[in-house]
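Subject: Structure handover

Hello,

Here is the structure I promised to pass on. Please open it first, then read my notes below.

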Amino acid sequence: EGFNPDNPPVVQQALEDAFEDLLDAGLNTGRVQMDWIDVEIAPNQYDLTELEERLSDYSDLGLPIFLLLASADSDSLNYPSDLLDSEGNLANGMRPDDPLIVSRYNAMMDRVLPVARAHGVFAISIGNEPDTFHEFDQNFVADFIEFTRLVNQHCQTVEPDIAITYTSTT
């Protein structure tokens, strides 16, 4: 459905027809894209409604799901607002692998993982091309890889059958 929250009826029908064509052609995996801020709606407050609804669209069809639950994206940081400064950068000089950021993301994942398991999610990407947005910060990707390692380490103790990764352009 792309990045549009709502589509005109003619476009929505075309999308639905194309999806049916994909299923007929053998589509065997679903993909759901959301951001950290879509789930953690306020500090340590979570709303899993949209996540459950979007995962159900594919799990009801019996499709395994790849979930992107982005913290850093190709053109923005999708961290909760209390972790960002007024310019949209990480607050107080924090880096992606800061213990506060890791613990907050892991706390959210503690709520997400049971829902993901129940809906057949096999992999979760926790960032989408963060190297693009931070190409001038030579250490950002290394710090983001460490963030990914730490989140993976935590998630594997909770749900070892769901792979944790991030999507990169490099």
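One pairing to start with: Ile124 stands opposite Ile164 in β6. Keep in mind that this is a predicted model.

**The β5-β6 edge**

Strand β5 covers residues 121-128 and is joined to β6 by 4 bridges. The two strands run parallel. Strand β6 spans residues 163-167 and has two unlike faces: Ile164 and Tyr166 are on the covered one, while Ala163, Thr165 and Thr167 are on the uncovered one. That fits the usual pattern, as side chains in a regular strand alternate between the two faces of the sheet.

**The sheet**

β5 and β6 belong to an open sheet of 4 strands. The order is β1-β4-β5-β6, and the pairing is parallel. β1 and β6 are the edge strands, each pairing on one side only. From one strand to the next, the twist averages 25°.

At the β1 end, 6 bridges join β1 to β4. Look for Met34 there: its opposite residue is Leu69 in β4.

Two helices to find next. α3 lies across β1, β4 and β5, at about 170° to β1. α6 packs on the sheet and touches β4, β5 and β6. Its direction makes about 165° with that of β6.

**The core**

Which residues have the most contacts inside the largest nonpolar core? They are Leu69, Tyr79, Tyr105, Met109, Val112 and Ile124, in a core of 40 residues. So two residues from the strand pairings turn up again: Leu69 and Ile124. Several elements each supply at least two core residues, among them β1, β4, β5, β6, α3 and α6. α4 gives the largest share, 9 residues.

Val112 is a good one to click on. Leaving out residues up to four places away in sequence, Val112 touches Val39, Leu48, Leu51, Leu67 and Leu69.

**The whole chain**

The protein chain has 6 helices and 6 strands. From the N terminus, they run α-β-α-β-β-α-β-α-β-α-α-β. The radius of gyration is 17 Å, close to the 15 Å from the globule rule for 170 residues, so the chain is as compact as a globular protein of that length. Its C-alpha atoms fill a box of roughly 50 × 35 × 30 Å along the principal axes.

Buried residues make up 40% of the 170. The chain exposes about 9100 Å², and carbon and sulfur atoms supply 50% of that area. Among contacts with a separation of 6 or more, 73% link residues 24 or more positions apart.

Best wishes

Methods
Residues numbered from 1 in each chain as written. Predicted model: local features only at pLDDT ≥ 70, side-chain atom pairs only at ≥ 80, totals over all residues. Heavy atoms only, no water. Buried < 20%, exposed > 50% of the residue type's maximum accessible area, 1.4 Å probe, protein only. Pairing = 2+ DSSP bridges. Core = buried A, V, L, I, M, F, W, Y, C linked by side-chain atoms within 4.5 Å. Contact = heavy atoms within 4.5 Å. Rg over C-alpha atoms; globule rule 2.2 N^0.38 Å. Areas by Shrake-Rupley, 256 points an atom, 1.4 Å probe, with all protein chains shown as cover. Axes fitted to C-alpha atoms, helices over the stretch in contact; angles between N-to-C directions.
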